[in-house]
Amino acid sequence: MKENIMNVPDGTRDLLYEDCRVIEKLTRKVNSLFESWSYSEVITPSLEFYDTFTNYRDGISQEEMYKFFDNKGKILALKADCTIPIARVVSSKLKNSELPLRLRYESRVFRVNESLVGKRNEYIDCGIEYIGGEHFFSEVEVLIIGIEAIKSSNIDNFKIELGHIGIIRRLCELSNLDEHSKEYLIKIIEDKKLVELEEYLNELNIEEKYKKIFKEIPWYFGNRDILDKGRNLIDDSLIREYIDYLDKIYKSLASMGYEKYLSFDLGMAPKIKYYSGIVFRGYVEGIGNYILYGGRYDNLIKSYGRDLEAIGLSLRINELIEIINKDEFLDKEESEEIFYNSENFNEKIKVANEKRKQGKKVVLLKEAK
């Protein structure tokens, strides 16, 4: 027997019984929350043209996609991101729709990870996109929904970590970094590879004050006090504007009782490059992988033909089911057993069906001889 037919590809896994039931209950609960905020469901294909993901200059890199050819020789890709196909739909099938658009989705995503340590190449995302709404108000709404979505999974010991992609990009601009150096520097800061960061900064021909700032910024995370530290990072009005904006969001959410769920990371720079403003991730205490992510992406939809501001978030269902109390999502009612034999089989099926109509779980079992 060939070895591969008994295994699954790296970064994927089989989900059985209990996990499937928990995923179903959890996604139903999350989608119900999204729907209560008037987000309408859209479903985009698992297969897209490769160009869909590369149309925007800062789209998904080809190394991250599963690619193949159709029977006409066109390059296809498995869905590597949920937001990009929705940008396509908003610019085509929804181009005459009244704004703002509030859209939700539930989808499998396929992304090739360069390292599989604690990561998957296939996962389930439930998310929302708020498109064409007012900047500040749409961000507050999406963040509230993100917090409530995590709470709906019966988790309370979590933080939504807020950042602004403009901070790190502005620092790169001020230090006159070329594009290649900027991308690599942002990557190692985001990954918090501090030894590699110091070595790389020693190689760069930039002012010492910027080297010092780049070394320090990975440590600029924590509670609201870190914003004051960030304001003193460098004398630049634009960076202070970004930090003040984060503080404004914090004050709004705190006034509604959400402050305990908020923290900050001023060096946050997600691998997804289409983000253009605030960015955020949700972490559960003691767990390394994030369970929620999102941010503002004001330029992505424009690349598909409509100039619309937008913000979205996605809940990582696979990560959640690893940490929630599954018993809270499982149906504790046991199946009622109905035994049959060759003479009464049809009669017992009728009995079982009547019980099912009453909402009961029933299993038919053959009588032992």
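This report describes a predicted model of one protein chain, from its overall make-up to its helices, cavity, surface patch and salt bridges.

## Overall make-up

The protein chain contains twelve helices and 14 strands. Along the principal axes, its C-alpha atoms fill a box of roughly 90 × 55 × 50 Å. The chain has 369 residues, and 49% of them count as buried.

The area exposed by the protein chain is about 19,600 Å², with carbon and sulfur atoms supplying 48% of it. Contacts between residues at least 6 apart in sequence can be split by how far apart the partners are; 69% of these contacts join residues at least 24 apart.

## Helix α3 and Thr52

Helix α3 spans residues 83–90 and is largely enclosed by the rest of the structure, because seven of its eight residues are buried. The buried residues of α3 are Thr83, Ile84, Pro85, Ile86, Ala87, Val89 and Val90. Their cover includes two strands that follow α3 in the numbering, β5 (101–110) and β6 (122–131). It also includes β2 (47–49) and helix α2 (50–54).

Thr52 is a residue of helix α2. Its relative accessible area is 9%, so Thr52 is buried, the cut-off being under 20%. Apart from its neighbours within four places in sequence, Thr52 is in contact with Ile84, Arg88 and Tyr304. Of these partners, Ile84 is one of the buried residues of α3.

## The cavity

The count of cavities of 30 Å³ or more comes to one. The largest cavity holds about 80 Å³ of space. Its lining is made by 14 residues, and those nearest the centre are Thr83, Tyr105, Tyr274, Tyr275 and Tyr293. Thr83 is also among the buried residues of α3.

Two strands, β11 (292–296) and β12 (310–316), each contribute at least two residues to the lining of the largest cavity.

## Helix α5

Helix α5 covers residues 165–174 and is mostly covered, with seven of its ten residues buried. Those seven are Ile165, Gly166, Ile167, Ile168, Arg170, Leu171 and Cys172. They pack against three helices, α6 (179–190), α8 (208–216) and α10 (237–254), and against the strands β7 (158–164) and β10 (278–284). After α5 comes Asn176, which has a positive phi, near 60 degrees.

Within α5, the side chains of Arg170 and Glu173 form a salt bridge, with an N to O distance of 2.9 Å. The two residues are three places apart in the helix, about one turn. Residues three or four places apart in an α-helix point the same way, because the helix has 3.6 residues a turn. The partners nevertheless fall in separate accessibility classes. Arg170 is buried, because its relative accessible area of 17% is under 20%. Glu173, at 51%, counts as exposed because the cut-off for that class is over 50%.

## Other salt bridges

The whole structure has 35 salt bridges. One of them joins Lys187 to Asp191, with the closest N and O atoms 3.3 Å apart. Lys187 is partly exposed, with a relative accessible area of 30%. Asp191 is also partly exposed, at 39%. Another salt bridge pairs Asp235 with Arg240, where the closest N and O atoms are 3.0 Å apart. Here Asp235 is exposed, with a relative accessible area of 70%, while Arg240 is partly exposed at 30%.

Salt bridges also link several residues into a network: Arg13, Asp19, Arg120, Glu319, Glu322 and Lys326. Pairing of this kind is possible when the charged atoms of side chains of opposite charge come close.

## A nonpolar surface patch

Leu194, Trp219 and Phe221 make a nonpolar patch of about 300 Å² on the surface. Of these, Phe221 belongs to strand β8, which runs over residues 221–222. Phe221 has a relative accessibility of 39% and therefore counts as partly exposed, a class that lies between the 20% and 50% cut-offs.

Definitions and conventions:
Residues numbered from 1 in each chain as written. Heavy atoms only, no water. Buried < 20%, exposed > 50% of the residue type's maximum accessible area, 1.4 Å probe, protein only. Helix = DSSP H or I, 4+ residues; strand = E, 2+ residues; numbered from the N terminus. Contact = heavy atoms within 4.5 Å. Patch = residues over 30% accessible without salt bridge, like charges linked within 9 Å, V, L, I, M, F, W, Y side chains within 5 Å. Areas by Shrake-Rupley, 256 points an atom, 1.4 Å probe, with all protein chains shown as cover. Salt bridge = Lys/Arg side-chain N within 4 Å of Asp/Glu carboxyl O. 1 Å grid on protein atoms, 1.4 Å probe; cavity = no way out; pocket = protein on both sides within 12 Å on 5 of 7 lines; lining within 4 Å. Points joined across faces, edges and corners; volume = space filled by probe spheres on them.
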